[in-house]
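Student: I'm new to this one. Could you walk me through its pockets and its ligand?

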Amino acid sequence: MSICLNEKMVALGTQRSVIRELFEYGKQKAAEIGAENVFDFSIGNPSVPSPASVNETAAKILHEMDPVLLHGYTSAQGDAGVRAMLADCVNRRFHTSYSADQFYMTAGAAAALCCCFHGLCNAGDKVIIFAPYFPEYTVFAKGAGAIPVIIPADTEAFQIDFTALEQALTPDVKAVVVNSPNNPSGVVYSQDTVKKLAEILEAKSVEYHHPIYLISDEPYREIVFSDTDVPFLPHYYNNTLVCYSWSKSLSLPGERMGYVLVPTDVQSHELVYAAIAGAGRSLGYVNAPSLFQRVCAACADETSDLTVYEKNKDILLTGLRSLGYSVVEPGGTFYMFPRSLEADDTAFAERAKAHNLLLVPGCGFGCPGHVRISYCVPTKRIEAAMPAFEALAKEYGHS
Ligand code: PLP
């Protein structure tokens, strides 16, 4: 009997991402030579626990709330009380006046992005993505029938190559995705970058007589170093949709919680919100997890203790630069994206492996010639890894 399946889905389900591949390799290697001898910088799983209030709130809700209500379906867009609490929280922080009806609760930023792509795009619409980018963007966009258009990276500063952007902004572009603080570079877009981006999108929307949506993917909004300011994009560009997540800020990636915010400034915001909700419905998301909607709303003003990420960044950045690596300083996240010491980043990552250093080749992020280091690991692992980075640099003639 012959089986005819959706080949694209079979491929997605069979091929592991480069990151997952390396992560699995790391686990296998750790079993062979001991976890302390493998410097696994492959994956972006938070290394610090959630604040105590997360478990306390979850326990309190489990004990005190009517279980039928708690474990039942919530409204498709999320519990109304939860969304009102989030609106208050966002309004306090960003001096906005959003209401509960502008928040659509999702299973993390991944589902938020999928709802945006499916809700906004018709087959063949283009979605602009800036390299280096989170690799799943292309999977999500294509899944919605859209065509991802990659803007090559500005490798000097990891801001935006505006000349390339203007060339790519053709009438069939429906949306532009930004991710700042960025995975994998860690860079935060400056206010100048954001203003210029907004100006260009505004002008092109007028020229083409239709809105070009800006989708701001913000799972790392809270992981920001020193005085770095992360501009709140709806203040700069009206047609902005915000995709937020608690995966990293509250160290809850397994609980799957996030939202899409559709501000009232978005043209025909009620229709756009309906399209997002329709997308969630057609994708079978039903509603975001009930318990953690309530937990995240109650803990929305808090974060895990994120200080270790800045400490790790400082040690790595100073150490790597002193060894001759070229690295753009991250303003946030727990990633950095140094240049590989040879043009072929995959070959470089293979040579790093020989030192038990697991670095993800930049080509997977649309930016060859670099590698991603996920430094969401205990600080002592960073310190222990420095001799391996040094030995690797020496192979390339750096002393
Ligand atoms: N966007 C970016 C840039 C990410 O790095 C990730 C996860 O690593 C996601 C979205 C998905 O996050 P979530 O766990 O909230 O779905």
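Student: By class, what residues make up the lining of the largest pocket?

Tutor: Before we start, this is a predicted model, where local features need pLDDT of at least 70, side-chain atom pairs count only at pLDDT 80 or more, and totals for chains, interfaces and linings use all residues. Residues are numbered from 1 along each chain as its sequence is written, and side-chain values use heavy atoms, with hydrogens and water left out. Ala, Val, Leu, Ile, Met, Phe, Trp, Tyr, Cys and Pro count as nonpolar, Asp, Glu, Lys and Arg as charged, and the others, Gly among them, as polar. Sorted that way, the lining has nine charged, 13 polar and 21 nonpolar residues.

Student: Which residues lie nearest the centre of the largest pocket?

Tutor: A pocket here is an open set of points on a 1 Å grid over the protein atoms alone, where a 1.4 Å probe fits, with protein on both sides within 12 Å along at least five of seven lines; lining residues have an atom within 4 Å of a point. In the largest pocket, 43 residues do the lining. Nearest the centre are S17, F134, P135, E136 and F140.

Student: Which element gives the most to that lining?

Tutor: Helices are DSSP runs of H or I with at least four residues, strands are E runs of at least two, and both are numbered from the N terminus. Those giving two or more residues to the lining of the largest pocket are α1 (7-14), α2 (18-33), α6 (108-120) and α7 (136-143). With six residues, the top contributor is α7.

Student: Where does the ligand sit?

Tutor: A molecule sits in a pocket if more than half of its atoms lie within 2 Å of the pocket's grid points. By that test, the space taken by the ligand is the largest pocket.

Student: Which residue has a backbone N or O atom 2.7 Å from an oxygen atom of the ligand?

Tutor: Polar contacts are pairs of N or O atoms within 3.5 Å. Two side chains come up first: a polar atom of N183 is 2.8 Å from a ligand oxygen, and an N or O atom of S247 is 2.7 Å from one. The backbone partner is A109.

Student: And which element supplies the largest share of the second largest pocket's lining?

Tutor: That pocket has 17 lining residues, with F23, D40, F41, V377 and R381 nearest its centre. At least two lining residues each come from α2 and β1 (39-40). The largest share, four residues, belongs to α2.

Definitions and conventions: A polar contact is a pair of N or O atoms within 3.5 Å; within protein, one must be able to donate a hydrogen and the other to accept it, and residues adjacent in sequence count only if both atoms are side-chain atoms.
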